[in-house]
Amino acid sequence: MQAIKPLVLACALAAGAPVMAAAPNPLSVHVLDLQSGRPTPGIRVRLEQRAGEQWRELAAGVTNAQGRIPALYPEGRAVAAGAYRIVFETGEHYARTGQPTFFPRIPVEFTMDAVTAHYHVPLLLSPFGYSTYRGN
């Protein structure tokens, strides 16, 4: 079945049919365990947007087997420039693994100013420290 898809696409292009690609989700996250050097599955993650002095939840997800949430921004919703926060619920992960942690949750605030750009927020995690940056 997979071999048929390229053939269908090639025929559509040859016939002059327009082929529309789905717009990629503008926000993804990745959690990596610094102790083991492996992805961290099962981390609950929330995306929030600043509304005045409050934070309003937009979406939530759980990291997959690769430690990723490839599409965290709500589907079908236009991206608005502004202040956002991703909250990684790391305490639950460490409770499951029987390890103590100093950071039960890690909020990462950032600004989306280019509504056509892709934002990737990796979290490098250990029980007593973390690091994050804007990835690609």
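Which residues are exposed on the other side of α2? On the side of helix α2 that lies opposite its buried residues, Ala95 and Arg96 are exposed. The structure is a predicted model, and the chain in it comes to two helices and nine strands, which follow one another along the sequence in the pattern α-β-β-β-β-β-β-α-β-β-β. Of the 136 residues of the chain, 36% count as buried, and among contacts with a separation of 6 or more, 59% are between residues 24 or more positions apart.

**The open sheet**

- Four strands make up an open sheet in the order β4-β3-β6-β7, and their pairing is antiparallel.
- The edges of this sheet are taken by β4 and β7, each of which has a single partner strand, so one side of each is left without a neighbour in the sheet.
- From one strand to the next, the twist of the sheet averages 25 degrees.
- The antiparallel pairing of β3 with β4 runs over eight bridges, and within it arginine 50 stands opposite tryptophan 55 in β4.
- Between β3 and β6 the pairing is again in the antiparallel sense and extends over six bridges, with glutamate 48 standing opposite arginine 85 in β6.
- β6 also pairs with β7 in the antiparallel sense, over seven bridges, and the bridge partner of valine 87 in β7 is proline 107.
- Strand β6 is mostly covered, since six of its eight residues are buried.

**Helix α2 and its surroundings**

- Helix α2 spans residues 90-97, and Thr90, Gly91, His93 and Tyr94 are buried within it.
- These buried residues cover an arc of only 160 degrees around the axis, which puts them on the same side of α2.
- The elements that cover the buried residues of α2 include β6, β7 and β8.
- With respect to the sheet, α2 packs on it by touching β3, β6 and β7, and the direction of the helix makes about 10 degrees with that of β6.
- Just after α2, glycine 98 takes a positive phi of about 75 degrees.
- Serine 126, which is placed in strand β8 (residues 119-126), touches Leu34 and Tyr94 when residues up to four places away in sequence are not counted.
- Why does serine 126 count as buried? Its relative accessible area is 17%, and the cut-off for a buried residue is under 20%.

**The nonpolar core**

- In soluble globular proteins, nonpolar side chains tend to be buried together.
- The largest nonpolar core of this structure has 24 residues, and those with the most contacts inside it are Leu27, Leu47, Leu72, Tyr73, Ile86 and Phe88.
- At least two residues of this core are supplied by each of β1 (27-33), β3 (44-51), β4 (54-62), β6, β7 and β8.
- Tyrosine 73, one of the core residues with the most contacts, is in contact with Asn25, Pro26, Leu27, Leu47, Leu58, Ala78, Val79, Ala80, Tyr84 and Met112, once its neighbours within four places in sequence are left aside.

**Aromatic pairs**

- The structure holds four aromatic pairs; in one of them, the rings of tyrosine 84 and phenylalanine 110 have their centres 6.0 Å apart and their planes at 25 degrees, so the pair is stacked.
- Because tyrosine 84 lies in strand β6 (residues 82-89) and phenylalanine 110 in strand β7 (residues 106-112), the pair ties together parts that are 26 residues apart in sequence.
- Both tyrosine 84 and phenylalanine 110 are buried, and together with Tyr73 they form one aromatic cluster.
- The rings of phenylalanine 102 and phenylalanine 103 have their centres 5.1 Å apart and their planes at 85 degrees, so this pair is edge-to-face.
- Phenylalanine 102 is exposed, with a relative accessible area of 60%, whereas phenylalanine 103 is partly exposed, with a relative accessible area of 23%.

Terms used
Residues numbered from 1 in each chain as written. Predicted model: local features only at pLDDT ≥ 70, side-chain atom pairs only at ≥ 80, totals over all residues. Heavy atoms only, no water. Buried < 20%, exposed > 50% of the residue type's maximum accessible area, 1.4 Å probe, protein only. Contact = heavy atoms within 4.5 Å. Phe/Tyr/Trp six-rings, centres within 6.5 Å; stacked < 30°, edge-to-face > 60°. Core = buried A, V, L, I, M, F, W, Y, C linked by side-chain atoms within 4.5 Å. Pairing = 2+ DSSP bridges. Arc of directions from axis to C-beta. Axes fitted to C-alpha atoms, helices over the stretch in contact; angles between N-to-C directions.
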